[in-house]
Amino acid sequence: MMKYHLKIMIAILLVITEVNLAKGQVNTDASLMVQPINWGKFNKKAPNNKIANNVKTTLLHANRFALTTWYKDLKNYQQDSTGYLDLKSKSKVNEYRYRFPAAMSFGIAIAIKTGIYDQTVTGVSLQGAKEKTLLMIRSIAYDHKINNTRKVWGGDWQAAHWAYYTGYGAWLLWDDFSPKDQSNILKMMIAEADRFLPTAPLYYKDSTGKVIFKGDSKIEEDAWNAELLYLAAVMLPNHPNSNKWLHKAVEYLIAATSLPSDLNNLRIIHGQPVSSWVKGYNMEEPGFVINHGIIHPMYNALASMINAPIVFSLAKRPTPEAARFNLDKIYYSVTTHRFSSPPYKAPGGTMYQEGKADVYYPEGSDWGLGVYDTYANLDIAAFTYGWDNLSLKHKGEYWAKLHVDKVLEQQQRFADRHTYMGDQENSYLGREEAIASRMGSAWMTIWLQQQVPVVYEDKPILNSIK
């Protein structure tokens, strides 16, 4: 009789558990418990200097454009019968459907959580801004194939990039999401992170110097794939794959910024020589990048390479040494390395030009000549984290002032505070969304370093189940 009653009780408990999950109750699986950001520990005042204040203003301007002209007029976002935004109807290209709202929501979430959001600048209330941000984030996750809803995206070439911005923005506002949406977001992130575990990073050239991808360095793909991997590892420290994600992130980070000389580099990083980490290289000596068939300064200044200290510091964790691998050489390449003319375009010289915000493009630029935010973000990280040490004459702070001032000047031309005049300045269709993500990253670099200075750690990372 006792065994019979025990079976009945177990059956009842199982039914209750299934009902609670169906109702969207909080998942108590420890592996899916998100590492919360302890915002109460970040109570120091934000820096009050010209660079910091101008970065803050450029981000708020990007928020203004996102929440007004962009959201209402350009995108005309509306909830459909599902309660989510029908993002797939806005384009036939997944990059434009998902990267763009992910970037905009990322920039708004940062302004909100760091306490700088200002409705007198944006023209939209704090509550209104938060509601739009939450809606964009949860709609992106809702459409991911793993969630068995619209099944629009997942596993795309750039999908890790979209999942990173979406997941990062969600982490900042985590407690504001319903259990259902939290589950969708986590499943999206886990699915995207897991697909890289059996894969190796890509290289522009192999270990013999043979070109694998003509004119197309894989620095960008490797860097954004690494971002998603370490974000998943930090957000879900108890997940069985957390160490595996982190180990794979290190592999991708080192590959992203690898040089020919690294094939014989005996420096020990995370427990093994650099030469044993790399199988080719993605940059040319002394640290410039070939992309779109040309030496392309914009690919020296990728936000994807410099966000790691923010993610780890938000969780009060040391940042892996791999996250700054060769970044000093990248910065040297834009500030100090000189290109002769000929063979390069007149007048030759360094990519950064003393006293100017304008950048010298040795072989031209197919994205336009009016892009400054990507360099501003690079400069701010360089002087904040100290990898401007190889720059001979001017350090990162000098260049940051020039480039941030130029972004602000561009935005002040327009009432809705968008940035670009048109394709001649920046031909990328997501140029305004990129402003939100880059100036969001720049502000987080400045703000978080004031709260908890970054600490780097160089120790072996176990490629095993926790």
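This section describes a nonpolar core, a pair of packed helices and one buried histidine in a predicted model.

The largest nonpolar core holds 149 residues. Within this core, Tyr168, Trp171, Leu314 and Trp387 touch the most other members. Helix H8, spanning residues 219-235, supplies the largest share of the core, with 12 residues. The surroundings of leucine 314 were examined further. Beyond residues up to four places away in sequence, leucine 314 touches Ile37, Trp39, Phe42, Tyr168, Trp171, Leu172, Met444 and Leu448. Two of these names, Tyr168 and Trp171, also appear among the core residues that touch the most other members.

Two helices were then considered as a pair. Packed helices are described by the angle between their axes and the distance between the axes. For helix H3 (residues 94-113) and helix H15 (residues 431-451), the angle is about 35° and the axes lie 8 Å apart. The crossing of H3 past H15 is left-handed. On the H3 side, the contact is made by Phe100, Ala103, Met104, Phe106, Gly107 and Ile110. H15 contributes Glu432, Glu433, Ala436, Ser437, Gly440, Ser441, Trp443 and Met444. Eight of the contact residues are nonpolar, four are polar and two are charged. Met444 of H15 takes part in this contact and is also touched by leucine 314.

Histidine 403 lies in helix H14, which covers residues 396-411. Its relative accessibility is 0%, so histidine 403 counts as buried; the cut-off for buried is under 20%. Apart from neighbours within four places in sequence, histidine 403 is in contact with Tyr352, Ala357, Val359, Tyr372, Tyr375, Ala376 and Asp379.

Key
Residues are numbered from 1 along each chain as its sequence is written. This is a predicted model: local features need pLDDT of at least 70, side-chain atom pairs count only at pLDDT 80 or more; totals for chains, interfaces and linings use all residues. Side-chain values use heavy atoms; hydrogens and water are left out. Helices (H or I, at least four residues) and strands (E, at least two) are DSSP runs, numbered from the N terminus. Buried means under 20% relative accessible area, exposed over 50%, partly exposed in between (1.4 Å probe, protein chains only). Contact means heavy atoms within 4.5 Å. A nonpolar core is a set of buried Ala, Val, Leu, Ile, Met, Phe, Trp, Tyr and Cys residues joined through side-chain atoms within 4.5 Å. Axes are lines fitted to C-alpha atoms, for helices over the stretch in contact, and angles run from 0 to 180 degrees between N-to-C directions. A crossing is left-handed if the near helix is turned anticlockwise from the far one by less than a right angle, and right-handed if clockwise. Ala, Val, Leu, Ile, Met, Phe, Trp, Tyr, Cys and Pro count as nonpolar, Asp, Glu, Lys and Arg as charged, and the others, Gly among them, as polar.
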